[in-house]
Amino acid sequence: MPPESPRRPSRALSGIQPTGRFHWGNYFGAIRQYIDLQPAADPAAARGAEAVDEAYYFIADLHALTTVRDPARLRTLVHAAAVDLVALGLDPVRAVLFVQSDVPEVTELTWLLMTVTPMGLLERCHAYKDKKTRGLPADAGLFTYPVLMAADILAYDATVVPVGEDQVQHIEVCRDLADKFNSLYGDVFMLPQPRLVVGGAKVPGTDGQKMSKSYENTIDVFEDLAAQKKKIMRITTDSRPMEDPKDPETDHLFELFSLLAPAADRDRMAELYRRGGFGYGEVKKALVEAAADHFAAARARRAEIESDPARIEAILAAGARRARAKAGEVLDRARRACGLARGKPAPRPRGVRP
Ligand code: TYM
């Protein structure tokens, strides 16, 4: 019998911007997936589970520089982001947790990719296009943002990228650039796949649009409970009379409730909607409680982790070392392939085109 070909390791990679505190959209769209995917502590127990072989998660401070212009605030936000991720369940032993700018290999890789990036591709990307349509000034950082994101992904040979729906276009750009580079220089990069969660890919905000800091409709994961309650009580609802039966599936308040409440409570609430004769105020009160319960353990963990800032900085330093080792390997492959590394032969084709 021919020997079995070695299985390609599965590797998850994702980044999150420290442009403010994490909101429910970030958590239910992305962070929850980071945690589900991280390799199991006991690999034997992981068989059949969703976990990948390796996971890399980073705080995208270079991307955040396109919006956060206050250095002290950026430093504080990066630290707080790491505290939040660990409190929410990201385990820095099972996953590599690091800060984007601690891996300079990625910025060099960005340049290599930039040389194969068609302008038209970037002109179609929504972050830049939205700003332009709103008549806001856009800089080259925002315009080339998807190339840096492509380098982020390709630098770690990522196979799967857990994200919310709004990032899918950027992953398609990443695949296009990897393909272009590979067709010019040989099999250098792996082509990643986005991973979305059912029910969380586009979490609505308090006004029913996608939850986003730029729409000022967010509810933060670790927000002070009184402030959170105020925001929840102000969630927009329609003005149908109380007696009318309502369809839970088309209501953003119900969508939020179903993300936060246990399944049995969600089913009971859906039943109430269909029956009618209740006010949205009751749903909001139930949502306030569900949100407090859902994140109670994470809040307690957060308070404990926050009291030891040196521990978080040590986690990030160790993560940067592990991330640099992997990114250095990929960058070396790319440099040799395109003729930058004199005296070093081009890499052998890897023969694994996903
Ligand atoms: P960012 O920081 O805007 O968002 C972080 C993650 O949260 C998801 N998300 C949502 N998901 C569902 N519903 C929502 N309302 C919602 N709002 C945000 C986002 O889809 C994202 O997964 N460009 C990225 C950061 C990045 C990155 C990367 C991601 C930089 N390099 C490489 C993946 C791979 C961003 O701005 O995400």
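A polar contact is a pair of N or O atoms within 3.5 Å; within protein, one atom must be able to donate a hydrogen and the other to accept it, and residues adjacent in sequence count only if both atoms are side-chain atoms. The model is predicted, so local features need pLDDT of at least 70 and side-chain atom pairs count only at pLDDT 80 or more, while totals for chains, interfaces and linings use all residues. Residues are numbered from 1 along each chain as its sequence is written, and side-chain values use heavy atoms, with hydrogens and water left out.

**The ligand**

Of the 27 residues around the ligand (a heavy atom within 4 Å), Gln17, Tyr145, Asp152, Asp166 and Val203 come nearest. The table lists distances from a nitrogen atom of the ligand to an N or O atom of three residues.

| Residue | Part of the residue | Distance |
|---|---|---|
| Asp152 | side chain | 2.7 Å |
| Val203 | backbone | 2.8 Å |
| Gln167 | side chain | 3.0 Å |

Taken alone, the ligand exposes 720 Å², and the protein buries 95% of that (Shrake-Rupley method, 1.4 Å probe).

**The two domains**

The domain assignment, which is automatic or from a database, divides the chain into domain 1 (11–203 + 308–338) and domain 2 (223–294). Taken over C-alpha atoms, the centres of domain 1 and domain 2 are 33 Å apart. In contact (heavy atoms within 4.5 Å) are 7 residues of domain 1 and 9 residues of domain 2.

Between them, the two domains bury about 600 Å², of which 74% is on carbon and sulfur atoms. Buried area here is the accessible area (1.4 Å probe) that two parts lose on being put together, summed over both. On the side of domain 1, Trp24, Phe28 and Val203 lose the most area to domain 2, together 77% of what that side buries.

Between domain 1 and domain 2 there are 0 salt bridges (a side-chain nitrogen of Lys or Arg within 4 Å of a carboxyl oxygen of Asp or Glu). Across this interface, the count of residue pairs in polar contact is also 0, with both residues at pLDDT 80 or more.
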